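Got the viewer open? Let's walk through this one stop at a time, picking a selection and seeing what turns up.

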Amino acid sequence: MGDSHAERLLRSVEGVAYWGAVAPVIACLPGAPGYRLACRRGDWNFRYRPAKRAELMRNLRQLLGDELSPDDALRLARDWFRFASCEAVDVMRLRYRARPLLRLVEIRGREHLDAALAGGKGAILCSAHFGSFDCAFSLLGASGFPVTTIGRWQHNYTAGLSPAERRFWDWVYARRLRRHRHRPNIEPWAGRFGVAAQAAAILRANEVITIAIDAPPLDSDLGRTVRAPFLGHRARLLPGAVTLAQVTGAPLLMGFMYRAPDYRHQVLEISAPVPMGGDTATAFARCAAEVAAAIRRSPAHWVYWPSSADLARIGLIPPEGSGPAAADPDRRAETDGGFLHDASADVPARG
Amino acid sequence: MEDVVNDYISREIVQDPALLPLANETSLLDGGILDSLSLVRLVVFLEERFQVTVGEADLLPENFDTVNAICSYLRARDQERREAAHG
């Protein structure tokens, strides 16, 4: 927003250099210095991306206003940039059966997932675009759970990326996450018939489906959204995961990965199954409440803060003052819990 | 069989009353009646009601485009099952 072509180019080069060269190297360092260097890079972005920082802080205060002082907003914005840089290190530490990352992550509530699978109907683990959620899904895969994610690899859909860039992001990001997933992502896109049925078949095989449920709906999906209380507003979100749980009888759990104050340790918290009673909107509201609680507990983890267009699409802020996300190389390459989105992607960006 | 399938789709899946009564040859896909999630509902119903297992490979538009196509698919599966039972 407001960036010149030269600034965007510089940002692109910096992002490619960081993800392609720097992060793989610092991920080989011991955790403390590695993540410290990642935080330095986050601080650099925090300082030299004033437009994004301002947008992030404005949205934070708009949605969490009463809870945030200006100093809090500043601190959260800095953490947001740091987390984005740390995520690259997380992804690189998925090497060697993910052991380097597993050493730094405590998984709490694993027993809930085990119990859910013991029921024989598979399990749906819902999260949000929150922290290193993609790494969390892959970590579960590396921990022995047969995990398949519903979500699109954004670099395959983002307009304006060259084939070389798409290959780069696939190589540097998606490849590392995919390695620990049981099956290829189920990618909803236009005209794709049977996405949910494919997910249902996976559940029937008693495997785990993971999904982020807070994706902004596309125009073509607006008719399928439900309104759910979310961060003090009535958000417009897609309840596909809940419908799938209700139809198949698979337990639906929530999972969020929180980064510790030292930036290198994380805790993946998996909840007990969310009650699926009531109609779809009612059951989905319970899931949305869990997402909102996670965001309030640690706001800097939520990916969408600097993306006003996405927040407006979710229905959290008025739809003005921001265009679609610009091509940004330092982004979440996989997002989308929209589930049953059937058009090209908008790209929430980090860092 | 057509009546059972038509009745279920009309009751549980069709959202727009203007589309009723549903003809057996009406396209469920072109008409926007059947989307990915309602397909799951339909498959679960068919499996319970007609004691068949719908495999992933069978989840093709041509098998689910109309009530007639669904019933043809179910009959073909039933035939396969009988043949398998008789060796």
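Start at the boundary between the two chains: chain A and chain B bury about 1,300 Å² between them, and carbon and sulfur atoms give 71% of that. Buried area here is the accessible area (1.4 Å probe) that two parts lose on being put together, summed over both. Select A:Phe193, A:Arg204 and A:Val247, the residues of chain A that lose the most area to chain B, together 45% of what that side buries.

A word on ground rules before the next click. This is a predicted model, in which local features need pLDDT of at least 70 and side-chain atom pairs count only at pLDDT 80 or more, while totals for chains, interfaces and linings use all residues. Residues are numbered from 1 along each chain as its sequence is written, chains are lettered from A and ligands numbered from 1 in the order in which they are written, and side-chain values use heavy atoms, with hydrogens and water left out.

**Stop 1: the interface**

Now light up everything in contact (heavy atoms within 4.5 Å): 18 residues of chain A meet 15 residues of chain B. Keep A:Arg204 selected and add B:Glu47, since this pair is a salt bridge with its closest N and O atoms 2.4 Å apart. The rule for a salt bridge is a side-chain nitrogen of Lys or Arg within 4 Å of a carboxyl oxygen of Asp or Glu. Across this interface the rule finds 2 salt bridges.

There are also 4 residue pairs in polar contact between the chains, both residues at pLDDT 80 or more. A polar contact is a pair of N or O atoms within 3.5 Å; within protein, one must be able to donate a hydrogen and the other to accept it, and residues adjacent in sequence count only if both atoms are side-chain atoms.

Which helices of chain A supply at least two residues each to the side that touches chain B? Color helix 9 (195-204) and helix 10 (240-248) to see them. Helix 9 gives the most, with 7 residues. By type, that side of chain A divides into 10 nonpolar, 5 polar and 3 charged residues. For that split, Ala, Val, Leu, Ile, Met, Phe, Trp, Tyr, Cys and Pro count as nonpolar, Asp, Glu, Lys and Arg as charged, and the others, Gly among them, as polar.

**Stop 2: chain A as a whole**

Hide chain B and switch to cartoon. Chain A has 12 helices and 8 strands; these are DSSP runs numbered from the N terminus, helices being H or I with at least four residues and strands E with at least two. Of its 351 residues, 58% are buried. Buried means under 20% relative accessible area, exposed over 50%, and partly exposed in between (1.4 Å probe, protein chains only). Among contacts between residues at least 6 apart in sequence, 78% join residues at least 24 apart.

**Stop 3: two helices**

Select 280-297, which is helix 11 of chain A: 18 residues, reaching 26 Å from first C-alpha to last, close to the 26 Å expected at 1.5 Å a residue. The expected span is 1.5 Å times one less than the number of residues. Show side chains for its buried residues, including A:Phe284, A:Cys287, A:Val291 and A:Ile295. An α-helix has 3.6 residues a turn, so residues three or four places apart point the same way. The buried residues of helix 11 pack against strand 5 (226-230), strand 6 (233-237), helix 10 and strand 7 (252-259).

Next, select 50-64 for helix 3, whose 15 residues reach 20 Å, close to the expected 21 Å. Among its buried residues are A:Leu56, A:Met57, A:Leu60 and A:Leu64. What covers the buried residues of helix 3 includes helix 4 (70-92), strand 6, helix 11 and helix 12 (308-314).

**Stop 4: charged pairs in chain A**

The structure holds 23 salt bridges over all chains. Pick A:Arg297 and A:Glu269, which pair at 2.8 Å, N to O. A:Arg297 lies in helix 11 and A:Glu269 in strand 8 (residues 266-270), so the pair ties together parts 28 residues apart in sequence. Add A:Glu106 and A:Arg108, whose side chains meet at 3.0 Å, and you have a network of salt bridges linking these four residues.

Finish on A:Asp219 and A:Arg313, another salt bridge at 3.0 Å. A:Asp219 sits in the loop between strand 4 (208-212) and strand 5, while A:Arg313 is in helix 12, 94 residues apart. A:Asp219 is exposed at 56% relative accessible area, and A:Arg313 is partly exposed at 25%.
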